[in-house]
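Subject: Structure for you to look at

Hello,

Here is the structure I said I would pass on. Please open it first, and then read the notes below beside it.

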Amino acid sequence: MNERVTESVMLDKLASDLNLEIIYTGRGVVTLSSMSVERPGLQLAGFFSYFDPRRIMVFGLSEHEYLRSFSSEERREKLSRLFDYGEVPCIILSRDLPSVPELMEVVRKASCPLFRSPKVTTDLMSDLYIYLNRMLAPSVTEHGVLMEVFGVGMLLTGKSGVGKSETAMELIKRGHRLIADDSVIIKEIANDLYGTAPEIIRYFIELRGIGIINVKSMYGSGSVLNEKKIELVIQLENWQQGKEYDRMGDTAAFAEYLGIKIPKLTIPVSPGRNLAIIIEVAARNFRLKSMGYDASQELITRSIGR
């Protein structure tokens, strides 16, 4: 079982990602460790069983109007109790609601960042759930290249020097898109695997003999993607004399990441083989199989029918 991670996000990035206004910067960073979001209505009323201070708190119209029904001293006391159980990552006000003066006092005392969103509470909560599930998803890093070929997310793996980056460049030249080269961060989101590149090497490819190139700068923004669902793994390996390779396409093999299995093909590499075309064919064949058509089964059916 993979443990959920903790991510520290700078305020301006969180504000940009979720279209938030920064009201108070507080400690200057938001530490995310829970995928859940808290609406603290019950806590403001004094019920703290099952309360988790690691969750982002959202104040909607109900919480706002509830607080307004009390005196200033009572509001201050109720809001202060929210911070008695641990460090709250941040508070977000929905609907462009104003902050009551006592809330500003309390967040300043706790150095808790405070944001405001123009969205209604339901939409804001939905955005937060999606965002947190992506940020805190279990992840592993794999050596390889992630490409989108005919809409299929294809992870090219194999030993260093086998030709992954060179094949990726040929695919980019043929109109396909790069997601990550050399290091692929794989995240498990809703029982699917998604791949992206570490921020520092995003859009870069290393080509032996040439060096580092920026694919986005050289081929344009249409040649890259930030993230892609991984649907097929292509393992490139040097051709081994005497080894039996699948010639019918009816042998199922899988790669496993984070407990999820992905179909895998092993492609032997030798001089004269056009790997880019082979990978394009693999992508088209994968899509056909996904739609229920299998050429090997049709051939077997024809042979039996003779």
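In helix H7, the buried residues are Lys-164, Ser-165, Thr-167, Ala-168, Met-169, Leu-171 and Ile-172. Buried means under 20% relative accessible area, exposed means over 50%, and partly exposed is in between, with a 1.4 Å probe and protein chains only. Since 7 of the 10 residues of H7 are buried, the helix is largely enclosed by the rest of the structure. Helices (H or I, at least four residues) and strands (E, at least two) are DSSP runs, numbered from the N terminus. Just after H7, Gly-175 has a positive phi of about 100°.

Before you go further, note that this is a predicted model: local features need pLDDT of at least 70, side-chain atom pairs count only at pLDDT 80 or more, and totals for chains, interfaces and linings use all residues. Residues are numbered from 1 along each chain as its sequence is written, and side-chain values use heavy atoms, with hydrogens and water left out.

The chain as a whole

The chain has 10 helices and 17 strands. Its radius of gyration is 26 Å, where a compact globule of 306 residues would have one near 19 Å. That radius is taken over C-alpha atoms, and the globule rule is 2.2 Å times the number of residues to the power 0.38. Along the principal axes, the C-alpha atoms fill a box of roughly 85 × 50 × 30 Å. Of the 306 residues, 44% are buried. Among contacts with a separation of 6 or more, 68% are between residues 24 or more positions apart; contact means heavy atoms within 4.5 Å.

The cores

Which residues touch the most other members of the largest nonpolar core? They are Met-147, Met-154, Ile-205 and Ile-234, in a core of 29 residues. Strands E8 (139–149), E9 (152–157), E12 (204–207), E15 (232–238) and E17 (260–269), together with helices H7 (164–173) and H9 (275–290), each give two or more residues to this core. The largest share, 6 residues, comes from H9. A nonpolar core here is a set of buried Ala, Val, Leu, Ile, Met, Phe, Trp, Tyr and Cys residues joined through side-chain atoms within 4.5 Å.

Leaving aside neighbours within four places in sequence, Ile-205 is in contact with several residues, including Ser-165, Ala-168, Met-169 and Ile-172. Those four are also among the buried residues of H7. A second, separate core has 22 residues, among them Val-9, Val-30, Cys-90 and Met-135.

Helix H5 and strand E2

H5 covers residues 101–110, and its buried residues are Glu-102, Leu-103, Met-104, Val-106 and Val-107. They pack against strand E2 (21–24), helix H4 (72–81), strand E6 (91–93) and strand E7 (114–116). Ile-23 lies in E2 and is partly exposed, with a relative accessible area of 26%. Not counting neighbours within four places in sequence, Ile-23 is in contact with Leu-93, Met-104, Leu-114, Phe-115 and Arg-116. Ile-23 and Leu-93 are 70 residues apart in sequence and 9.7 Å apart in space, C-alpha to C-alpha.

Positive phi values

Most residues other than glycine have a negative phi. Tyr-50 is not a glycine, yet has a positive phi of about 70°. Tyr-50 is in the loop between helix H2 (41–44) and strand E5 (56–59), and is exposed at 76% relative accessibility. Asp-96 also has a positive phi, near 60°. Asp-96 is in the loop between E6 and H5 and is partly exposed, with a relative accessible area of 45%. Just after H5, Ser-111 takes a positive phi of about 55°.

Two buried residues

Pro-138 is in the loop between helix H6 (121–135) and E8. Is Pro-138 buried or exposed? Pro-138 is buried, with a relative accessible area of 4%. The C-alpha atoms of Pro-138 and Val-5 are separated by 6.7 Å, although the two are 133 residues apart along the chain.

Tyr-257 is in strand E16 (residues 254–257) and counts as buried at 11% relative accessibility. Not counting residues up to four places away in sequence, Tyr-257 touches Val-140, Glu-142, Leu-155, Thr-157, Ile-186, Leu-193 and Val-233. For Leu-193, which is 64 residues away along the chain, the C-alpha separation from Tyr-257 is 8.0 Å.

Regards
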